[in-house]
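User: I am new to reading protein models and would like a close look at a single part of this one, the sheet and whatever packs against it. Please go through it slowly and tell me where I should be careful.

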Amino acid sequence: MQIFDPMRTLVLISALCLGLAGCKSLPSLPKLSLTPYKIDIQQGNVLDQDAVAKLKPGLTRAQVRFIMGTPLVADIYHANRWDYVYIDKQAGKLVAQRRVVVFFDGDVVKNLYQQIGESQLVELQTPTVAPVAEPVSTQVAPVTSPVAPIAAPGAVAK
């Protein structure tokens, strides 16, 4: 049994020399920064400003659902509140965020609130409609005057 094998030693020395020579001749590689791919995400209800402008107190739940769609959050513990939320993220960064909160009194819209971006909820001011004036009466009212009526010719004034 041989303890020293010259062939095995030659192979190991050759591999070691080639390995060391290869390290010196390799160009330096730039540091690779590996980051995960982040997809674009749109979540919630698309809140179109035209649709939000159509909301006003007095609408029914069915009308609000027709205008805005199904609410993202309709909590059974807060049945008089619907939340419409829209979030848009591109490459993991928040691009747009909108929120509309509708409060109901029974089946009718009571209050509306809107949040755009990081701002706080602001109550939507709906334009108030001026009351319609009562129609002018076409009947002629009797004229009363403090002056005594003129007597007809030939009549005797009393």
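Analyst: The protein chain holds three helices and five strands, and, read along the sequence, these follow the pattern α-β-α-α-β-β-β-β. The model is a predicted one, and the average pLDDT of the protein chain is 76, with 69% of the residues scoring at least 70. Confidence differs between the elements, being highest in helix H3 (residues 61-68), at a mean of 92, and lowest in helix H1 (residues 6-25), at 73.

The sheet itself is open and is formed by five strands in the order E1-E2-E3-E4-E5, with antiparallel pairing. Strand E1 (41-44) and E5 stand at its edges, and because each has a single partner strand, one side of each is left without a neighbour in the sheet. As background, the strands of a sheet pair through backbone hydrogen bonds, and they may do this in a parallel or an antiparallel way.

We can now walk across the sheet from one edge to the other. E1 pairs with E2 over four bridges in the antiparallel sense, and here glycine 44 has tyrosine 86 in E2 as its bridge partner. The next pair, E2 and E3, is also described as antiparallel and is joined over ten bridges, one of which links glutamine 90 to its partner in E3, lysine 93. Two residues lie between the strands in the hairpin of E2 and E3, and in this hairpin alanine 91 takes a positive phi near 55°.

Further along, strand E3 (residues 93-105) and strand E4 (residues 108-116) run antiparallel and are joined by eight bridges. Aspartate 105 has valine 108 in E4 as its bridge partner, while arginine 98 stands opposite isoleucine 116 in E4. The hairpin of E3 and E4 again has two residues between the strands, and glycine 106 there takes a positive phi near 80°. At the far edge, E4 pairs with strand E5 (residues 122-123) over two bridges, in the antiparallel sense, and glutamine 114 meets valine 122 of E5 as its bridge partner. The hairpin of E4 and E5 has five residues between its strands, and glycine 117 takes a positive phi near 70° in it.

With the sheet laid out, we can turn to the helix that packs on it. H3 lies across strand E2 (81-90), E3 and E4, and runs at about 10° to E2. Within H3, the residues Arg61, Val64 and Met68 are buried, and, seen down the axis of H3, its buried residues fall within an arc of 60°, so they line one face of the helix. The spacing fits a general point, since an α-helix has 3.6 residues a turn, so residues three or four places apart point the same way. The buried residues of H3 pack against H2, E2, E3 and E4, whereas Ala62 and Phe66, on the other side of H3, are exposed. Just after H3, glycine 69 takes a positive phi of about 95°.

What lies between these elements is the largest nonpolar core, which has 16 residues, and among them Leu55, Val64, Met68, Tyr84, Val100, Val102 and Val109 touch the most other members. Helix H2 (49-54), H3, E2, E3 and E4 each supply at least two residues of this core, and E3 gives the largest share, four residues. Valine 102 shows what such a position looks like in detail: leaving aside residues up to four places away in sequence, valine 102 touches Leu55, Asn80, Arg81, Trp82, Tyr84, Val109, Asn111 and Leu112.

Two values for the whole protein chain set this part in context. Buried residues make up 16% of its 158 residues, and among the contacts in the protein chain with a separation of 6 or more, 38% are between residues 24 or more positions apart.

Finally, a place for caution: over residues 127-138 the pLDDT stays under 50, and the model has zero contacts for these residues beyond four places in sequence. Where pLDDT is low, the predicted coordinates should not be read in detail.

Notes. Residues numbered from 1 in each chain as written. Predicted model: local features only at pLDDT ≥ 70, side-chain atom pairs only at ≥ 80, totals over all residues. Heavy atoms only, no water. pLDDT = per-residue confidence, 0-100. Contact = heavy atoms within 4.5 Å. Pairing = 2+ DSSP bridges. Axes fitted to C-alpha atoms, helices over the stretch in contact; angles between N-to-C directions. Core = buried A, V, L, I, M, F, W, Y, C linked by side-chain atoms within 4.5 Å. Buried < 20%, exposed > 50% of the residue type's maximum accessible area, 1.4 Å probe, protein only. Arc of directions from axis to C-beta.
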